[in-house]
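Ready for some practice in reading a protein model? Grab a pencil and take a look at what comes next.

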Amino acid sequence: MSAVRALLLPLALLALQASPCHGACVEVDSDTEAVVNEQFKLGCISCKIRGDVPATATVNWFFNANDDTDEFIHICSYEYDMGKKEKNFIMNDPFDGRLEWRGSNLTDDLQDGSISIMNVTYNDTGTYRCELTRVLTFKNYKYQNSTTREFKLTVVPQRTRGMASVLSEVMMYVTIIGLQFWLVVEMIYCYRKIAAAGEEALRESASDYLAIASESKDNCTDVQEAE
């Protein structure tokens with residue numbers, strides 16, 4: 001019992017000294033294929049490099065339905081007011097009432113500026129641009145930088161599967177079948193090996209029994225002759 005307590009004491013001290021863990025930020029590209037009449041998430045992630053510096057960020061989304069022009073319309077903006085503990089999510093036509101915020105919550109230090117389109121239509125096909133503007137507050141000055149994510153969205157009648165997805169599923173089933181076949185072969189091999197070892201043990205036991213019986217018989221014969 002004393003040994004267990006001696007082991008638990010250092011572990012408890014380490015747990016008290018450990019700092020709380022924070023989720024890691026990973027920048028992932030947005031999907032580019034939406035299904036009509038379904039919900040679709042427009043991804044926009046910009047990780048902050050200096051995690052020790054306080055910052056505030058705002059997100060603006062733009063849309064261009066015509067590839068022949070470079071004219072983007074402003075469809076929404078988002079910022080979080082830490083003082084009032086409320087978010088300001090403003091939507092503009094033609095997406096007014098059809099967008100939902102899917103990014104960072106309860107913080108003005110935004111790293112995820114994703115939104116979702118509700119009830120996707122074919123008119124939502126086009127190029128989307130996300131601009132995340134971040135202001136880093138240092139001791140003597142402030143530094144502002146902007147990150148832009150742009151991608152083209154295609155709306156399809158039903159979800160399609162890529163070749164990589166099909167190949168990965170096929171390889172998964174091939175691996176499962178191969179592992180099961182290998183397991184069956186191993187079981188048969190082990191069974192035969194155990195059975196052979198059991199037969200050998202039985203033969204050795206029978207030989208030992210016969211040897212003991214013969215020795216006992218000889219001893220009895222010797223005793224009778226001595227009498």
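Below are three exercises on this predicted model, each with a worked solution.

**Exercise 1.** Work out how strand S4 is joined to strands S3 and S5.

*Solution.* Start with S3, residues 55-64, and S4, residues 73-81: they run antiparallel and are joined by five bridges. For one contact between them, go to Phe62, whose bridge partner in S4 is His74. Now turn to S5, residues 86-91: six bridges join S4 to S5, and these two run antiparallel as well. Here you can find Ser77 opposite Ile90 in S5. Finally, look at the link: S4 and S5 make a hairpin with four residues between them, and Lys85 in that turn has a positive phi of about 55°.

**Exercise 2.** Classify the aromatic pair of Phe95 and Tyr128, and explain what the pair ties together.

*Solution.* The model holds nine aromatic pairs. In this one, the ring centres are 6.2 Å apart and the planes make an angle of 65°. An angle over 60 degrees counts as edge-to-face, so that's your label for the pair. Next, place the residues: Phe95 sits in the loop between S5 and S6, while Tyr128 belongs to S8, so the pair ties together parts 33 residues apart in sequence. Then zoom out: ring pairs link both residues into a cluster with Trp61, Phe63 and Phe151.

**Exercise 3.** Decide whether Phe95 and Tyr128 are buried or exposed.

*Solution.* The cut-off for buried is under 20% relative accessible area. Phe95 has 1%, so Phe95 is buried. Tyr128 has 0%, so Tyr128 is buried too.

Conventions
Residues numbered from 1 in each chain as written. Predicted model: local features only at pLDDT ≥ 70, side-chain atom pairs only at ≥ 80, totals over all residues. Heavy atoms only, no water. Pairing = 2+ DSSP bridges. Phe/Tyr/Trp six-rings, centres within 6.5 Å; stacked < 30°, edge-to-face > 60°. Buried < 20%, exposed > 50% of the residue type's maximum accessible area, 1.4 Å probe, protein only.
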